[in-house]
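Me: Please take a close look at a single part of this model, its backbone and its surroundings. Then connect it to the charged pairs and the strands elsewhere.

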Amino acid sequence: LFRSYIEVEDITPVQYPADDTSAEWKTTHFDYHAYDENLLKLDILGHDDPTMMRMLHDITGVDPTTIPMNDPKVMSVFNSTEALGVTEEQIRTPVGTYGIPEMGTKFVRQMLHETKPSSFADLLQISGLSHGTGVWVGNAQELIRNGTCTIKTVIGCRDDIMIYLIYNGLEASLAFQITESVRKGRGLKEEWIEIMKEHNIPQWYIESCQKIEYMFPKAHAAAYVIFAVRTVYYKLYHPIAFYAAYFSVRAEEFDVDIFCQGYDAIYKKLDEIEAKGFDASPKEKSMVPILEMGLEMTARGFSFKGIDLYRSAADKFKIDGDSLIPPFSAIPGIGLNAARNIVAAREEAEFISIEDFQRRSKASKTVVDTLASMGCFRGLPESNQLALF
């Protein structure tokens with residue numbers, strides 16, 4: 001029964017995510033099964049990836065649905081940095097997948113490095129291995145390292161088990177039964193193991209099945225990989241558009257000062273955060289992917305310009321030749337509304353003074369001071385009277 005007088009805080013603890021008290025949202029912690037019969041649960045998923053794909057389509061004019069899934073140069077980015085024109089040492093990783101959906105985390109980059117995928121089918125395996133439980137660490141990883149298997153022969157997605165067992169002569173309904181048991185983490189029954197041995201299923205395969213706790217479906221993996229391949233295509237062939245879209249959609253912890261200083265400053269900041277290890281703050285840890293992307297972008301010969309009073313957009317990075325001009329919203333303390341107010345005031349007429357800017361844009365003194373420290377008001381007098389004088 002719905003009780004309108006009960007707040008969620010009355011029945012479950014509430015805290016800020018990652019103890020970040022400046023966060024817009026709070027998170028709850030509860031045992032779902034304690035409430036699942038009378039609590040409405042909404043799974044509202046993020047939409048950064050489709051937003052970025054839409055931006056890339058708009059900027060480049062290239063329809064993502066026309067991008068091929070077998071371009072050799074695109075495929076090489078998943079196992080090398082060569083196609084991007086940078087070295088492993090320059091960008092601190094042996095593969096070129098920074099910023100690629102589901103393929104850019106440190107965990108998956110290490111997996112890519114160890115398995116050397118070279119085809120779409122190999123990437124399906126990577127997706128399955130990275131989203132499963134009990135599938136990679138202590139299982140497929142060891143089998144690949146000791147030479148028992150390759151990325152092509154380990155168990156990657158749940159569908160692989162059924163197809164492999166049917167191919168080796170097991171009856172289809174039994175193969176399905178075994179697959180369902182394994183992918184749910186229930187292992188193999190003794191009689192199944194005997195039948196598998198009779199059909200020459202290798203011992204390593206049987207042991208691998210016993211270790212699996214959860215397995216990813218291949219259709220889900222395919223959706224992820226298609227998205228990843230399309231994103232790599234833009235990154236490789238339309239780089240400045242890719243970085244503009246990435247930073248516009250994802251760069252919440254963008255540090256204008258560091259990024260404008262270029263490659264060496266970004267590298268130094270990454271080193272500083274890495275040296276702190278577990279002592280790095282949540283904010284510093286969330287900066288790492290953004291810094292890595294900036295490192296790669298500057299290593300590829302692109303650069304960031306400073307905030308420009310007349311050229312910066314409200315919330316999107318603007319392409320200027322081989323450079324990106326950051327938006328006003330990239331400045332700490334300037335929210336989206338404040339950024340939009342600045343752009344709206346600018347479009348009315350040129351600013352005749354800092355006082356004029358503050359009055360028309362409704363910017364706070366803090367925002368004005370921040371923009372002044374970045375040199376945005378060069379040549380503008382303090383007040384309207386000075387301007388008239």
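Reply:
**Positive phi and charged pairs**

E102 is located in the loop that runs between helix 4 (88-91) and helix 5 (106-115); helices (H or I, at least four residues) and strands (E, at least two) are DSSP runs, numbered from the N terminus. This is a predicted model, in which local features need pLDDT of at least 70 and side-chain atom pairs count only at pLDDT 80 or more, while totals for chains, interfaces and linings use all residues. Residues are numbered from 1 along each chain as its sequence is written, and side-chain values use heavy atoms, with hydrogens and water left out.

The backbone of E102 has a positive phi of about 70 degrees, although this residue is not a glycine. Most residues other than glycine have a negative phi. With a relative accessibility of 32%, E102 counts as partly exposed (buried is under 20% relative accessible area, exposed over 50%, partly exposed in between, with a 1.4 Å probe and protein chains only).

K362 also has a positive phi without being a glycine, with a value near 60 degrees. K362 belongs to the loop between helix 18 and helix 19, and its 65% relative accessibility makes it exposed.

Both helices beside that loop take part in salt bridges, as the next pairs show. A salt bridge here is a side-chain nitrogen of Lys or Arg within 4 Å of a carboxyl oxygen of Asp or Glu. E348 and R360 form one, at 3.7 Å from N to O. Because E348 is in helix 17 (residues 336-348) and R360 in helix 18 (residues 354-361), this pair ties together parts that are twelve residues apart in sequence. E348 is exposed, at 60% relative accessible area, whereas R360 is buried at 14%.

On the other side of the loop, K365 forms a salt bridge with D369, and their closest N and O atoms are 2.9 Å apart. The two residues are four apart in helix 19 (residues 365-373), so about one helical turn separates K365 from D369. K365 is exposed, with a relative accessible area of 56%, and D369 is partly exposed at 41%. A network of salt bridges with shared partners joins E348, D356, R359 and R360.

Over the whole structure the search finds 22 salt bridges. One of them joins the side chains of E296 and K235, at 3.0 Å from N to O. It links distant parts of the chain, since E296 is in helix 16 (residues 282-299) and K235 in helix 12 (residues 218-237), 61 residues apart. Both E296 and K235 are buried.

Like charges also gather at the surface: E190, E191, E194 and E198 form a negative patch (members have over 30% relative accessible area and no salt bridge, and like charges are joined within 9 Å). E191 sits in helix 10 (residues 190-198) and, at 47% relative accessibility, is partly exposed.

The strands remain. Three of them make an open sheet in the order 3-5-4, with mixed pairing; two strands pair if DSSP finds at least two bridges between them. Strand 3 (303-304) and strand 4 (318-320) are the edges, each pairing on one side only. Strand 3 runs parallel to strand 5 (residues 323-325), and two bridges join them. F304 has L324 in strand 5 as its bridge partner.

How values were computed:
Patches are made of residues with over 30% relative accessible area and no salt bridge: like charges are joined within 9 Å, nonpolar side chains (Val, Leu, Ile, Met, Phe, Trp, Tyr) within 5 Å. Accessible areas come from the Shrake-Rupley method with a 1.4 Å probe; for residues, only the protein chains shown count as cover. Lys and Arg count as positive and Asp and Glu as negative; His and the chain ends are not counted. The place of a charge is taken as NZ of Lys, CZ of Arg, CG of Asp or CD of Glu.
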